[in-house]
Amino acid sequence: MTSTDARTYVEEARREKLAALTEMGVNPFAYRYERTHTAAEALGLYADAMGDNGPEVAVAGRLVSMRGKGKTAFGHIEDASGSIQLYFKQDTLGGTYDVVKLLDLDDHIGVRGRVFRTRTGEITVQAAEVTVLAKSLRPLPRGKTQVTEDGTPVTYGGLQDPETRYRQRYADLAVHPDIRDLFRLRARAIAFMRRYFDARGFLEVETPILQSLYGGAAARPFVTHHHSLDMPLYLRIADELYLKRLIVGGFERVYEIGHDFRNEGMDRTHNPEFTMLEYYQAYADYRDVMETLEDLIPQLVEHCCGSLTIERFGITFDFTPPWPRVRFMEAVEEHAGVDLRTATEDELRERLRAAGQDAETVLELSGGKLIDEVFKEFVESTLVQPTFVIDYPKALSPLAKLHRDDPSLTERFELFVQGREIANAFSELNDPDDQRRRFEDQMAQRAAGDEEAHQLDEDYIRALEYGMPPTGGMGLGVDRLVMLLTEQGSIRDVILFPAMRPEPKEDDRATS
RNA sequence: GGGGGUGUAGCUCAACUGGUAGAGCAACAGACUUUUAAUCUGUAGGUCGUGGGUUCGAGUCCCACCGCCCCCUCCA
């Protein structure tokens with residue numbers, strides 16, 4: 001009996017083979033294997049002049065296909081590099097052939113033998129020695145792929161159920177090489193970011209995930225409790241305030257790639273924990289940050305996808321810089337037909353209602369939230385190609401410096417692609433007195449019932465009082481960028497282990 | 001939170017207007033010493049998400065609950 005579900009007859013059969021192997025003195029769970037070549041390397045070794053006398057290799061991997069023929073058998077193993085065919089022959093293997101008969105799909109095995117080419121033309125390892133590395137007791141939900149006459153592969157069966165794919169990502173990855181490739185691309189993108197900032201003198205740092213006071217974004221946090229301090233701690237919702245403390249400390253250029261946690265709804269673009277890149281650069285303003293993004297992102301896209309122009313979701317995205325910069329106010333005026341400088345809140349609410357939004361929900365909106373909503377309703381979806389929206393209203397941006405030409409605005413921009421916010425950046429507010437006033441405004445909104453408004457962070461203000469140089473900073477949602485690069489419609493498809501409800505136990509599956 | 005869909009064998013899916021569950025692949029036994037979704041013969045495998053109700057009879061109808069997916073709302 002396993003802990004998760006009842007053992008099936010298929011598993012019983014595998015356990016019987018496991019027992020038979022043990023009976024024969026074969027350890028079904030070996031300690032190590034001296035692999036000489038990956039599957040791809042072994043394939044590359046063979047040249048036709050070698051005939052049946054190719055080089056000897058020792059390959060190892062998971063058995064993914066097996067075609068028994070009495071006294072011979074063909075199968076494929078798959079390793080991280082790809083797959084290679086194996087040929088087992090009783091004449092050659094002698095008693096070991098009994099071990100081959102006890103193999104199941106999904107077993108990990110090591111095979112030593114010479115490389116040759118079969119009559120049908122496939123480069124193959126003729127097994128001279130077979131080592132069981134790990135018996136598989138539970139069959140993977142593996143589909144069968146047939147290549148039709150016109151060359152299109154058709155897969156029968158396989159692991160389709162999205163829930164199972166997320167819950168048992170190990171199985172999903174094991175049977176879907178393309179999913180493994182997707183996560184390799186994700187890793188490649190993150191590694192590129194790291195190299196990019198390292199090469200420009202940025203210091204990678206780690207700031208607290210457990211915080212007694214959370215800040216840096218408008219969001220509800222996860223709360224936990226520290227026993228010996230007997231106090232609540234919050235999981236961070238952003239890295240921002242700590243990274244800027246480091247600018248005060250003199251690092252000048254810092255970045256962090258890590259998880260933020262927001263206790264909010266889950267859907268195809270929101271996971272409770274997600275990956276954020278933040279960077280801060282002394283003596284820079286938000287225009288410098290735009291230039292950095294216009295440099296970084298195109299390079300990253302080209303590095304990961306091979307081109308500055310990519311076809312995704314039926315749209316051609318062109319990352320060739322420079323990207324359009326549209327002012328927030330002008331964008332709203334153009335798409336919503338309202339002038340935020342003159343419109344009353346009631347007029348804005350009426351505009352939202354006219355667009356089909358729920359009247360009661362709209363009534364609860366005011367101030368920055370209302371303006372933000374108007375922007376989201378009318379502007380966001382129009383921003384398909386990479387676009388900077390710049391100069392946000394002050395009310396929306398309590399951590400951004402006031403605009404040098406217009407004190408009702410801030411020097412803030414967001415980068416949109418495919419109608420989604422990818423990055424958010426500003427000339428960082430470094431006037432401690434102004435920061436205190438902005439926090440106080442937030443506290444007032446909080447008192448008025450806005451759970452997402454910032455808390456007043458005295459320690460952060462103290463840091464600013466010591467003096468923070470002019471600083472440009474940015475946060476970028478890594479998951480969403482990866483979604484675009486890999487053409488995935490759900491954030492769960494780019495997170496290895498997305499948040500899931502716990503699996504119901506057998507006993508109480510239907511109760512409560 | 002609202003609306004729609006869905007949950008049947010290990011996997012992928014069937015089962016007409018209610019009549020007591022079926023296929024392909026996987027599994028098991030046997031045949032086959034260069035095959036490749038191998039093939040051939042035979043066998044086995046299911047409290048039809050859970051609980052209740054209607055009915056002579058429920059996978060199928062009704063109610064509740066649980067999970068998942070999609071759309072709307074929303075935070076990145």
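**Group meeting: the RNA surface and the eight-stranded sheet**

Okay, let's start at the RNA: a polar side-chain atom of D267 lies 2.7 Å from a base nitrogen of RNA strand B, where a polar contact is a pair of N or O atoms within 3.5 Å. Quick caveat: this is a predicted model, so local features need pLDDT of at least 70 and side-chain atom pairs count only at pLDDT 80 or more, while totals for chains, interfaces and linings use all residues. Residues are numbered from 1 along each chain as its sequence is written, chains are lettered from A and ligands numbered from 1 in the order in which they are written, and side-chain values use heavy atoms, with hydrogens and water left out.

Back to the contacts. For D91, an N or O atom of the side chain sits 2.4 Å from a base oxygen of strand B. E373 goes for the backbone instead, with a polar side-chain atom 2.5 Å from a phosphate oxygen of RNA strand B.

Zooming out, 53 residues surround RNA strand B, and K17, T120, E264, H270 and R480 come nearest; near means a heavy atom within 4 Å. Sugar and phosphate make up 58% of the RNA strand B atoms that come within 4 Å of the protein.

Now the sheet. It's open, eight strands, mixed pairing, ordered β8-β12-β13-β22-β21-β20-β17-β16; strands are DSSP E runs of at least two residues, and two pair if DSSP finds at least two bridges between them. The edges are β8 (203-204) and β16 (325-327). Inside, β20 (412-417) and β21 (420-427) run antiparallel, joined by six bridges. In β21, R420 is the bridge partner of V417.

Note on methods: A polar contact is a pair of N or O atoms within 3.5 Å; within protein, one must be able to donate a hydrogen and the other to accept it, and residues adjacent in sequence count only if both atoms are side-chain atoms. Helices (H or I, at least four residues) and strands (E, at least two) are DSSP runs, numbered from the N terminus.
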